[in-house]
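The following explanation should be read alongside the sequence and the coordinates. It moves from a single residue to a contact between chains, and then to a helix.

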Amino acid sequence: MLGVWAKRLVSLVALTASAAGAVATEGGLRQSREAAQERLTPPAPILRHFTFGHRRGVSALLWVQTLAWYGGEAIKLQGKQFADPDKLRHTKRQIDLIIELDPQFSDPYLFAGMLFAYDGKAPLLGISYLEKGVEQFPDNYRFAFYAGALYMHLLRDDAKASDLFLKASRLPEAPVYLAGLASDLKRRESGTETALQTLQALLRENLPEETAVLIRAEVTTLRAVYETEKALDAYKRRFGPPASLEDLVKTGYLNQLPVDAAGDPLQLTAEGKIRARGQARDY
Amino acid sequence: MWPLAKYTFLESIRDRIYLGFFTGLVVLNLLFLAVGSSPWGLTNHIVERLGWLAVDVMLSLLTAIYAVNNLNRERERKILYGHLTLPLGRSRYLLGKALGITMSLTLLAFVGATVIIVGDWYLTAVESVPFHMYWMVPSVMLKCMILLGYAILLTQLSSSALTATLFTLGLYLISNGAEELLGLAANLSGLSRTLVEGVYYLIPNLQLVDFEQASLYAGGVTPERLGLGLGYAAAYVTATLVLACLVFGRKDL
C-alpha cells in the first residue's frame, strides 16, 4: 500500500518539477532569447569536457546557430548597425566558445574581427581576434591583411598597418598590391627612405614572381622620389620653394625631370610634396 | 563462418537500416542546403565538420543498437539454436555475426561519406571533389569496430538487450571523451583524480582512432597515425571478442 502511495508521490513530484521546468524555460525564452541560450549553454571549460570527442562538430553547430541568430538580428535592424552591447556581449561569448572548442576553425576569427571593429565600434577587440588568427594560421594572409586594414581605417595607425600589410604580402596567395600599399603607408609614416629600405629588404626574400615584379617597380619609383626629395630639400635651402620640378633641372639639382617606374613624370604638389602618378594620396 | 556473416549482412539489408541511414543523411544535406541558401552562405568547413559528426554519431548509435538487438533477437526468437545445430562452434557463431555486422557498417560508412562528399561539393561549390573526406570511412569504422566488440561482449554479460544497449551507448559517450577525462583529472586532486584517471585507463580511447583532425586540418593522415589507430583498434577488438567468446562458450542457453 505504502509502495503505491510512494510511487504516486514520486510521480507527482516529478510531474510538478517537469511543469515548473517547462514554465521557467518558456518564460526565460520569452524574456530574452540570448539570455536563455546563455543559461542553457555551459561555459567553454565545462562544455569542452562534455562534447564527447566531437568538439569540432559541436563548434560547427554553435557557429551555424550564432550565424542564424546574427542573421535574424541583422534583418530586424534593417541595415542599422549591430551595436546593442548585450547582443555584442552575447556574440563575443558564442565566438569565444566556438574558438575554444575548435581553435583551427578560421571563419569565427574573421567574423569577430569585422563585427566588433565596425558594428561594435571596438576596433581593438576586433583586431585582437584577427591577431589570434594570425598566430593560429601563419600561412593565411587574410588575418594580417584585415588587421592592417582596421589599423589603417579605424585607428589611423599607419605604422602598424604597414607592418601587417608587409607581413601579409609575404604569405601565399596574398594580393600583389599589398606590398605597394605597405610601402605607401610606410612612406607616409616614416619617410621615403624607410619605405625604400623596407621594400628592398622584402625583395631579398623568396617572393612569388608576380609580387616581386611589382615591388621592383615600386622600388624604382621610390628611389626616384627619394632622389627628387633630396634635390628639392637642397633647392629649398638655397632658393626657397620651387614653382615646378623644372626649376630643379635648370639649376642643376637634377639632371633631368624625374620619372616613375612606368616612365610617367613625378609631380610637385601645391603643398610642396613629390607625388608619383600611381599613388592615390599625397604625402 | 562466412555463410553466417553473409546471412547477417543480408539481414541488415532486409532490416532496412540502409534505407533509414541514407534517408537520414539526405535530410541532413537538405538541412545544409536550407542553411546554405541563407545570405551569409555556407562554407565547406561547416558541411565537412557537421557531415563528419553526423556520420560518426549515426553509425556509432547504429552499431550499439543494431549489434545488440541482432544478437538478442536471434536468442529470443530461438533462431540461435538453429544456427548452433550446424557444424559451427559458439565462437565461430559470434565471429560470423561480428564479421557480417562489420561488412554492413563498412558499406554504410562508404555510403555516408559519399553522400556528405557529394553534398559538400554541390552545396559549397568547392573547386575539386573533397576526396579527403573518405578518411571518414576508416576513422568511423575503427570506432565502430571497437564499439561492436564491446556491444557483443556486453550482450553476453547482460540479461537484457536494453541494458546491453545502454551500457554500450554509455561506453561510446565516455570513450569519445577519453582525452577530456584526462584533462578533467588534471583539474582534480586526491581520490577524485585517481578515480577519473582509473576510468581513463579502463575505457577505450576512441580519439586515438579519430582521423578527423588530421584529415580536415593537417593535410592528411600520416602512415604512423593510421598504423597506431589500426593497431589499437585490432588489439581492443581482439580482446573484447575473445572475452565475449569465452563468456558465450560457458553460457547456459
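Is B:Trp52 buried or exposed? In this predicted model, B:Trp52 has 27 other C-beta atoms within 10 Å. A residue is classed as buried when 20 or more lie within that distance, and B:Trp52 is therefore buried. The residue belongs to helix H3 of chain B, which covers residues 44-76. When neighbours within four places in sequence are left aside, the contacts of B:Trp52 are A:Gly57, B:Met136 and B:Glu212. Another pairing concerns B:Tyr134, which is 82 residues from B:Trp52 along the chain, with a C-alpha separation of 10.0 Å.

The contact with A:Gly57 leads to the interface between the chains. There, 22 residues of chain B are in contact with 17 residues of chain A. On the chain B side, H3, helix H7 (161-176) and helix H8 (178-186) each give two or more residues. The largest share comes from H3(B), with six residues. By character, this side of chain B comprises eleven nonpolar, seven polar and four charged residues.

Within chain A, helix H7 (residues 123-136) permits a check of its geometry. Its 14 residues, at 1.5 Å a residue, should span 20 Å, and the end C-alpha atoms are 20 Å apart, so expectation and model agree. The buried residues of H7(A) include A:Gly126, A:Ile127, A:Tyr129, A:Leu130, A:Gly133 and A:Val134. Because these residues cover an arc of only 155° around the axis, they lie on the same side of H7(A). Among the elements that cover them are helix H6 (107-119) and helix H8 (141-153) of chain A.

Conventions. Residues numbered from 1 in each chain as written. Chains lettered and ligands numbered in written order. Predicted model: local features only at pLDDT ≥ 70, side-chain atom pairs only at ≥ 80, totals over all residues. Helix = DSSP H or I, 4+ residues; strand = E, 2+ residues; numbered from the N terminus. Buried ≥ 20, exposed ≤ 12 C-beta atoms within 10 Å, placed from the backbone. Contact = placed C-beta atoms within 7 Å. Nonpolar A, V, L, I, M, F, W, Y, C, P; charged D, E, K, R; others polar. Expected span 1.5 Å × (residues − 1). Arc of directions from axis to C-beta.
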